[in-house]
Amino acid sequence: MQPEMLTIGVFAKACRLSPKALRLYDELDLLRPARVDPDTGYRYYAPAQLEAARLVAWLRRLGMPLARIREVRSLEPQAAARAVGAYWARVEAETAVRRDLAEFLIDHLTTPSRKDTTMLELRYCAHSDRGRVRPANQDTAYAGTRLLAVADGCGPEGAAASSAAVEALRFLETEELGAGDVLNLLEEAVRGASEAVQEAANGTEEVGTTLTALLWTGSRLALVHIGDSRAYLLRDGGLFRFTHDDTVVQSMIDEGRLTPEEATTHPQRALLLKALFPGTPATPELRLRDAQPGDRYLLCSDGLYGVVPEARIRHLLTSAPAPDTAVHALIDAANEAGGPDNVSCVVADVVEATA
């Protein structure tokens, strides 16, 4: 044995990994020992391996799966750093979903009956426009007493895909909504939407659709989102976006490789990482939001926010007296900016219910 070699026990103590973990990582080809005694099978490690072992230990403490750690270990330092950043951004997004659900359950279990509180309802309008450049409209916009939805289709059967996805959610308008079941119900509805998109594609490749929808439960809105259509909330004069674009450029922003300003002119700004694609499992974002009287919600396709600055969107939403005037003002603004894409908008106001 070379004198600089470390026994598995000493190496484990130095890198803060257990001998059991080191044996597992050897079997998985994640961290091989420098030498294995041919007679005893005892493992020895070189001091130069400590840095790699510590990295594995740190990544495990982040909760990163072993298969992902193997990928990170194979990258150059800068690329590995970006991969860690992207992983953590996804963890935070998933944690936010669970946090919202936990807050909802705590409130649901501890808040007295709301029979005597003010009843709320939605006033809404939806419209979709071809724009001034595209030969056809592949967007679908829908608004009802419970369901608000925007879908932006892509590919040769994009119009059929977006329409099928929204239609698959329409049953939610009349479905009995249990307070604790709404997210499960939405998840099931998205599976149905994914199957509907596959049928609409009719075997055609490169067909899919985004889907951003809000389901009204009487005091809360449940969000389902996949793709790069967006949902905004106008509250007390401030405009807040509460969806995350599932795009290549957004992932580059998350990783620090691109600024939001650079993203607006990036050649791949419309390239989706996730959407409802035939044969691809849908993993949408699901969240719950409390609603307040006076809230105004906007769902839109990228045909709006891609050409109309957010400050202008906020101004138009703030100044329009009703959802229908807001919707048409927003679509007019997109077309005045050149209308390079289909543009769809749904605007809904949360108001006190009429007797």
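This passage walks through the overall make-up of a predicted protein model, then one of its sheets and two of its helices.

Starting with the whole molecule, the predicted model contains twelve helices and 14 strands. Its C-alpha trace extends over about 85 × 55 × 40 Å along the principal axes. Of the 355 residues in the protein, 46% are buried. The contact pattern can be read in terms of sequence separation: among contacts with a separation of 6 or more, 67% join residues 24 or more positions apart. As for the surface, about 18,200 Å² is exposed, and carbon and sulfur atoms supply 51% of that area. Charged side chains number 38 positive and 50 negative, with the centres of the two sets 7 Å apart.

Turning to the strands, it helps to recall that the strands of a sheet pair through backbone hydrogen bonds, in either a parallel or an antiparallel sense. Here, an open sheet of three strands is arranged in the order β1-β3-β2, and its pairing is antiparallel. The edges are formed by β1 (6–7) and β2 (35–36), each of which pairs on one side only. Between β1 and β3 (residues 43–45), the antiparallel pairing runs over two bridges. Leu-6 has Tyr-45 of β3 as its bridge partner.

Strand β3 comes up again in the surroundings of helix α2, since it is among the elements that the buried residues of this helix pack against. Helix α2 spans residues 19–27, and its buried residues are Ala-21, Leu-22, Tyr-25 and Asp-26. These four lie on the same side of α2 because they cover an arc of only 140 degrees around the axis. The other side of the helix carries Lys-20 and Glu-27, which are exposed. Besides β3, the packing partners of the buried residues of α2 are the helices α1 (8–15), α3 (50–61) and α4 (66–73). Just after α2, Asp-29 adopts a positive phi of about 60 degrees.

Further along the chain, helix α11 (residues 310–319) can be described in a similar way. Its buried residues are Ile-313, Leu-316 and Leu-317. Because they cover an arc of only 95 degrees around the axis, they sit on the same side of α11. What do the buried residues of α11 pack against? Their partners include both strands and helices: the strands are β10 (230–235), β11 (238–241), β13 (296–300) and β14 (343–352), while the helices are α10 (302–305) and α12 (323–336).

How values were computed: Residues numbered from 1 in each chain as written. Predicted model: local features only at pLDDT ≥ 70, side-chain atom pairs only at ≥ 80, totals over all residues. Heavy atoms only, no water. Buried < 20%, exposed > 50% of the residue type's maximum accessible area, 1.4 Å probe, protein only. Contact = heavy atoms within 4.5 Å. Areas by Shrake-Rupley, 256 points an atom, 1.4 Å probe, with all protein chains shown as cover. Lys, Arg positive; Asp, Glu negative; His and termini not counted. Charge placed at Lys NZ, Arg CZ, Asp CG, Glu CD. Pairing = 2+ DSSP bridges. Arc of directions from axis to C-beta.
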